Amino acid sequence: MPALLLLVQEGEFTPFSINTGLIFWTIVVFGVLLALLWRFGWPAILKTVEDRERRIQQQLEEAERARAEAARLLEEHKRTIASAKAEAQEILARAKAVADKERETLLAKARQEYEQLLERARQEIGAEKEKAIEALRREAVDLSIAAASKLLEAQLDSETNRKLVMEYLAQLEAGRTS
Amino acid sequence: MMQGPDIGKAIFEHTSDSHVIEWPFGLETHLPTNWVIFGINVSPTKHVIFMIIAACLVFLTIWYAGRQVERRHREGKAPHGFGAAVEAMVLFVRNDVAIANIGHDGEKFAPYILTLFFFILYCNLLGLLPWGATPTGNLAVTGALALTAFVTIEVSGFRALGPRGYLKTIVFVPPGMKGVGAVAMAFIMTPIEIIGKLVKPFALTLRLFANMTAGHFVILALLGLIFIFGSWLVAAGSVAFVTFMMLLELLVAFLQAYIFALLTSVFIGMMQHAH
């Protein structure tokens, strides 16, 4: 019997024969494989890949955002530093101006005080001189009077003497006014 | 087995389907021959068994790779090892075959194209193993696969274009033609359009079958030379050539799976964008 079957098979199958049963089997096997893979096979790989693609895309976008943020911060810092520098410059300039003005006023005040002191000293000197001259004159008068009294004791009522004293006095007056 | 010089018969026996599965050391398994459904003999044959083996291997490959890729992804690591290798192939087929040729709807068809590619690839590769058989070297198998492609192409076209648009892909009237001319053109072009639709799966069927069978014919013929001449010198030459052919077959196994998937994608894309 097996021998007979083999003979039948050899008659039945050639590389070019089309076996209807095999078409059926191919569709069944392929269909089952397709269904199983559709349910259990491809989603695992494809979902993962899509998920990964999404994740990478997200990370790229995040990196781009972070880069933009960093650039923005850098710009801001640069601006802050620039403004701080300008401010410092301004403060320095203002301080210099204030110091200049202060020095100017101080100098002016010092000069003024010095002038005042000089003036006062001059006045005092003048007053002292006046006083000294006054005192001198009084001394002179006293001396003259003393001299006169001595002369009077010696020669009273001498007209010539009187004249002499008067002349002397006039001379003194002239010396003072000159 | 190869006592006589009837190499042609041996080649035919080797490449054709059979109810007997051969194992190492001359062992054989006889498959039942009396399964009948609706008057069709659906007894399992050698190619059925190898197809099932291929399907199981494809499922295990994809399932295991998917698990691995998913786990590495959950752990926040890059894909690695086996999973990465399968993922690279899957992505290539998905992006450069399915989506590149079908267009923005390619993602919907990607699972079908991917299954087609891996199933054909594994069937092709099983034929290269000792005692193996090539289910894709059988017209019934390639025909059935092309039939699924045909159904997918036409159904997707019908859904994308609508009844009117789909009818236009059968009854073709050149734009701007009216009246008698249009009727005449439709009369002439309709058979051509229908033939065009049928030729695509037919070409798919024959291309895969012929490529897989031809390679085996060449290898078996080269090996047959040894038994015809019975010379060590010829044997050395034959074995060298067969080794080269085996490497070529390895390339062809990948290439034909790729071409089948690629052409199916191209045909789906053509229908999707037919106007």
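A:F24 has 34% relative accessibility and therefore counts as partly exposed. In this predicted model, A:W25 has a relative accessibility of 14%, so A:W25 counts as buried. A search over all chains of the structure gives 8 aromatic pairs. In one pair, the ring centres of A:F24 and A:W25 lie 6.0 Å apart with their planes at 75°, so the arrangement is edge-to-face. An angle over 60 degrees is what places a pair in that class.

Another ring pair joins A:F30 and B:Y112, with 6.0 Å between the centres and 85° between the planes, so this pair is edge-to-face. The pair runs from one chain to the other: A:F30 sits in helix α2 of chain A, which covers residues 20-154, and B:Y112 sits in helix α4 of chain B, which covers residues 106-126. Both A:F30 and B:Y112 are buried. Ring pairs also bring in B:F119, so that A:F30, B:Y112 and B:F119 make up a cluster. A ring of another kind of arrangement is found at B:W63, where B:R67 lies over the ring face at 5.2 Å from the ring centre.

The pair of A:F30 and B:Y112 leads to the interface as a whole. Contacts between the chains involve 57 residues of chain B and 40 residues of chain A. The size of an interface is often expressed as the accessible area lost when the parts come together. For chain B and chain A the buried area is about 4,200 Å², and 78% of this is on carbon and sulfur atoms. On the side of chain B, the residues that lose the most area to chain A are B:F59, B:H73 and B:T115, which together account for 14% of what that side buries.

Charged and polar groups also meet across this interface. There are 2 salt bridges between chain B and chain A. A:R52 and B:E87 form a salt bridge, with 2.8 Å between the closest N and O atoms. Polar contacts across the interface come to 6 residue pairs, counting residues at pLDDT 80 or more. Several elements of chain B supply at least two residues each to the side that touches chain A, among them α1 (7-15), β4 (40-41), α3 (81-102) and α6 (179-229). The most comes from α2 of chain B, with 14 residues.

What surrounds B:N138, in the loop between α4 and α5 of chain B? Beyond its neighbours within four places in sequence, B:N138 is in contact with A:S17, A:L22, B:D17, B:H47 and B:F209. B:N138 has 5% relative accessibility, so this residue counts as buried. Its side chain is joined to that of B:H47 by a polar contact of 2.9 Å. The side chain of B:N138 also reaches the backbone nitrogen of B:A140, at 2.9 Å.

The last step is to view chain B as a whole. Chain B has 7 helices and 4 strands, arranged along the sequence as α-β-β-β-β-α-α-α-α-α-α. Its C-alpha atoms fill a box of roughly 75 × 60 × 45 Å along the principal axes. Of the 275 residues in chain B, 46% are buried. Among contacts in chain B with a separation of 6 or more, 68% are between residues 24 or more positions apart.

How values were computed. Residues are numbered from 1 along each chain as its sequence is written. Chains are lettered from A and ligands numbered from 1 in the order in which they are written. This is a predicted model: local features need pLDDT of at least 70, side-chain atom pairs count only at pLDDT 80 or more; totals for chains, interfaces and linings use all residues. Side-chain values use heavy atoms; hydrogens and water are left out. Rings of Phe, Tyr and Trp (its six-membered ring) pair if their centres lie within 6.5 Å; planes under 30 degrees apart count as stacked, over 60 as edge-to-face and the rest as tilted. Buried means under 20% relative accessible area, exposed over 50%, partly exposed in between (1.4 Å probe, protein chains only). A charge sits over a ring if NZ of Lys or CZ of Arg is within 6 Å of the ring centre and within 35 degrees of the ring normal. Contact means heavy atoms within 4.5 Å. Buried area is the accessible area (1.4 Å probe) that two parts lose on being put together, summed over both. A salt bridge is a side-chain nitrogen of Lys or Arg within 4 Å of a carboxyl oxygen of Asp or Glu. A polar contact is a pair of N or O atoms within 3.5 Å; within protein, one must be able to donate a hydrogen and the other to accept it, and residues adjacent in sequence count only if both atoms are side-chain atoms.
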